[in-house]
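Hi,

Here is the structure I promised to pass on. Have a look at it first, and then read on for my notes.

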Amino acid sequence: LSYQHGWPRAFCESQLLCCEPFNLANRSIADVVNIAAALYRGRFDAIVLLHSTFSNTQELRRLLFLAVAASRLPKIFFIGNEYKSMPEKMRFCRRLGIDMLISQSNHPDVLAMYEQALGCRVASVPNTGFDSAVFFPAVPLAARCVDIGYRAYEAPWYLGNNEKAEIAGYFLRNASSLGLATDISLDATERFDSSGYAAFLNRCRGHIGTEAGGDYFELTGETRSRFMAYMSVHPDASWNEVKRQFFEDYGPSVPMRIISGRQVEAAACKTVQIMFDGRYNGYFRADEHFISLKKDYSNIDEVMQKFRDDDCCRRMVDSAYEVAMQELTYPALIKKFVTAMQEVL
């Protein structure tokens with residue numbers, strides 16, 4: 001979860017902004033009073049609330065919440081985890097009087113839903129920046145000892161898919177028949193910090209992946225609530241049972257599918273990516289920046305042929321690296337944010 005640390009650092013180091021950071025994890029009375037007083041004095045052009053302000057839990061509490069709500073400065077909120085506690089997050093935005101919402105999605109239907117619900121400006125900036133001093137190609141592809149690597153959390157089923165577990169399981173089960181040396185795990189205890197993950201990617205010639213997020217975007221959180229209630233009664237339900245119960249007859253849906261930091265960091269390390277078909281926010285395109293794998297694995301022979309083609313892989317990693325360096329470094333994303341912010345200043 002490197003973005004939780006990367007964004008605050010990027011704001012403070014940016015040449016485009018002069019920032020005063022406040023850490024909401026500092027909860028002493030003196031800390032709270034100092035932050036509230038600084039906001040009250042209003043020595044700023046805008047207040048920016050980053051993802052961790054309300055990602056899993058609402059961290060802007062009591063006096064600080066009142067201080068931000070009372071401020072007449074433009075308020076910009078980077079919304080995180082756009083799949084849980086969405087009714088609460090919408091109330092949070094309304095009560096604070098948010099002037100601009102920054103979504104991780106650039107899907108026009110998602111942005112339109114936010115605009116209609118909140119009546120504020122909405123912009124899209126990926127949360128998936130990377131630090132080029134940490135993530136870079138340190139080891140040539142030919143010298144990397146792992147063919148396919150992967151680290152992820154298993155996604156909650158109420159997102160409408162189980163793709164992380166499925167792609168990980170497929171390559172673990174078929175590693176021998178495909179002739180692959182793998183290092184794949186969904187175990188939280190086997191994850192890395194930023195530098196450890198960069199070293200891991202530089203051990204891997206290839207990396208598997210899927211789009212982050214879910215297939216069914218709702219501001220109401222209705223499906224998630226129904227899912228949680230169902231699982232409390234049926235704790236041993238399988239994914240296939242959940243899929244039949246909630247998603248096979250869902251009807252038209254708005255997808256909340258986004259690019260993942262895993263893909264950006266792999267691109268920065270020039271690791272070959274084998275990924276399910278998807279948009280990836282329009283940054284990475286199939287068979288130009290990654291090897292496209294169909295979700296039924298029907299083209300696995302073609303995928304492996306491309307993966308074993310050194311020239312093909314070199315072209316893809318070079319193209320993906322160029323996208324990452326030009327568009328997905330933190331300075332590039334800060335520049336994108338500053339352009340969007342002008343609308344509310």
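Helix H6 lies across S5, S6, S7, S10 and S11, running at about 150° to S6. Keep in mind that this is a predicted model, so please read everything below in that light.

The strands under H6 belong to an open sheet of five, in the order S6-S5-S7-S10-S11, with parallel pairing. Strand S6 (182–185) and strand S11 (291–293) are at the edges; each has a single partner strand, so one side of each has no neighbour in the sheet. From one strand to the next, the twist averages 25°. S5 (residues 146–151) pairs with S6 in the parallel sense over four bridges, and Ile 148 has Thr 182 in S6 as its bridge partner.

A second helix to look at is H11 (residues 300–307), which lies across S5, S7, S10 and S11 and runs at about 160° to S11.

Back to H6, which covers residues 163–178. The helix has a kink of about 35°, centred on Leu 172. Its buried residues are Glu 163, Lys 164, Ile 167, Ala 168, Gly 169, Tyr 170, Phe 171, Ala 175 and Leu 178. Just after the helix comes Gly 179, with a positive phi of about 70°.

Glu 163 is the one I'd zoom in on. With a relative accessible area of 7%, Glu 163 counts as buried because the cut-off is under 20%. What does its side chain meet in there? There is a polar contact of 2.9 Å between the side chains of Glu 163 and Lys 295. Leaving out residues up to four places away in sequence, Glu 163 touches Thr 210, Arg 257, Phe 276 and Lys 295.

Now the nonpolar cores. The largest has 70 residues, and the members that touch the most others are Trp 7, Phe 171, Ile 274, Phe 284, Leu 293, Phe 307 and Phe 337. Phe 171 is also among the buried residues of H6. As for Trp 7, its contacts beyond four places in sequence are Leu 50, His 51, Phe 78, Val 125, Pro 126, Asn 127, Tyr 330, Leu 333 and Ile 334. There is also a second, separate core of 37 residues, with Val 32, Ile 79, Val 110 and Leu 118 among them.

Over to you!

Cheers

How values were computed:
Residues are numbered from 1 along each chain as its sequence is written. This is a predicted model: local features need pLDDT of at least 70, side-chain atom pairs count only at pLDDT 80 or more; totals for chains, interfaces and linings use all residues. Side-chain values use heavy atoms; hydrogens and water are left out. Helices (H or I, at least four residues) and strands (E, at least two) are DSSP runs, numbered from the N terminus. Buried means under 20% relative accessible area, exposed over 50%, partly exposed in between (1.4 Å probe, protein chains only). A polar contact is a pair of N or O atoms within 3.5 Å; within protein, one must be able to donate a hydrogen and the other to accept it, and residues adjacent in sequence count only if both atoms are side-chain atoms. Contact means heavy atoms within 4.5 Å. Two strands pair if DSSP finds at least two bridges between them. Axes are lines fitted to C-alpha atoms, for helices over the stretch in contact, and angles run from 0 to 180 degrees between N-to-C directions. A nonpolar core is a set of buried Ala, Val, Leu, Ile, Met, Phe, Trp, Tyr and Cys residues joined through side-chain atoms within 4.5 Å. The bend at a residue is the angle between axes fitted to the seven residues ending there and the seven starting there.
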